[in-house]
Amino acid sequence: MVIQICARCQRPTGRPVVVAIGYGASAGGGVVYACPGECAAGFPKQRDPFEQTSPARDVPVRGQR
Ligand SMILES: [Zn+2]
């Protein structure tokens with residue numbers, strides 16, 4: 001079990017939920033965790049970064065109109 005700091009309430013949690021993957025240098029980069037329940041629910045849902053079964057489908061259809 002890994003203790004992570006919740007990005008929302010800043011408390012350590014033994015069951016961290018990945019709510020975002022840091023990209024760039026913001027917040028030091030890396031994975032953003034939150035405790036399960038309210039905190040995790042407070043973050044916008046992203047595609048599960050650990051379930052990229054088909055990267056080719058990961059391209060949103062955008063700017064084509
Ligand atoms: Zn929390």
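This is a short tour of a predicted model, from its overall layout down to a few residues.

**Layout and confidence**

The protein has four strands and one helix, and reading from the N terminus the order is β-β-β-β-α. Mean pLDDT for the protein comes out at 77, with 58% of the residues scoring at least 70. Within the elements, β2 has the highest mean pLDDT, 96, and β3 the lowest, 83. Keep in mind that where pLDDT is low, the predicted coordinates should not be read in detail.

Of the 65 residues in the protein, 14% are buried. As for contacts between residues at least 6 apart in sequence, 33% of them link residues at least 24 apart.

**The core**

Which residues make up the largest nonpolar core? There are eight: Ala7, Val19, Val32, Tyr33, Ala34, Cys35, Cys39 and Ala40. Both β4 (30–34) and α1 (38–42) put at least two residues into this core, and β4 gives the largest share, with three. In soluble globular proteins, nonpolar side chains tend to be buried together.

Ala34, one of the core residues, is a good place to look around. Beyond its neighbours within four places in sequence, Ala34 contacts Cys6, Ala7, Arg8, Val17, Val19, Cys39, Ala40 and Phe43.

**Two loop residues**

Now for Pro16 and Gln10, which both sit in loops. Here they are with their C-beta neighbour counts:

| Residue | Loop | C-beta atoms within 10 Å | State |
|---|---|---|---|
| Gln10 | between β1 (4–5) and β2 (12–13) | 8 neighbours | exposed |
| Pro16 | between β2 and β3 (17–22) | 22 other atoms | buried |

Why does Pro16 count as buried? Because 22 other C-beta atoms lie within 10 Å of Pro16, and the cut-off for buried is 20 or more. Leaving out residues up to four places away in sequence, Pro16 touches Val2, Gln4, Tyr33 and Cys35. Tyr33 and Cys35 also belong to the largest nonpolar core. Another core member, Ala40, is 24 residues from Pro16 in sequence, yet their C-alpha atoms are 8.8 Å apart in space.

Gln10 is the opposite case: it counts as exposed because it has 8 C-beta neighbours inside 10 Å, and 12 or fewer is the cut-off for that label. The backbone of Gln10 is worth a look too, with a positive phi of about 65° even though Gln10 is not a glycine. Most residues other than glycine have a negative phi.

Notes
Residues are numbered from 1 along each chain as its sequence is written. This is a predicted model: local features need pLDDT of at least 70, side-chain atom pairs count only at pLDDT 80 or more; totals for chains, interfaces and linings use all residues. Two residues are in contact if their C-beta atoms, placed from the backbone, lie within 7 Å. A nonpolar core is a set of buried Ala, Val, Leu, Ile, Met, Phe, Trp, Tyr and Cys residues joined through C-beta atoms within 7 Å. pLDDT is the predictor's confidence in each residue, from 0 to 100.
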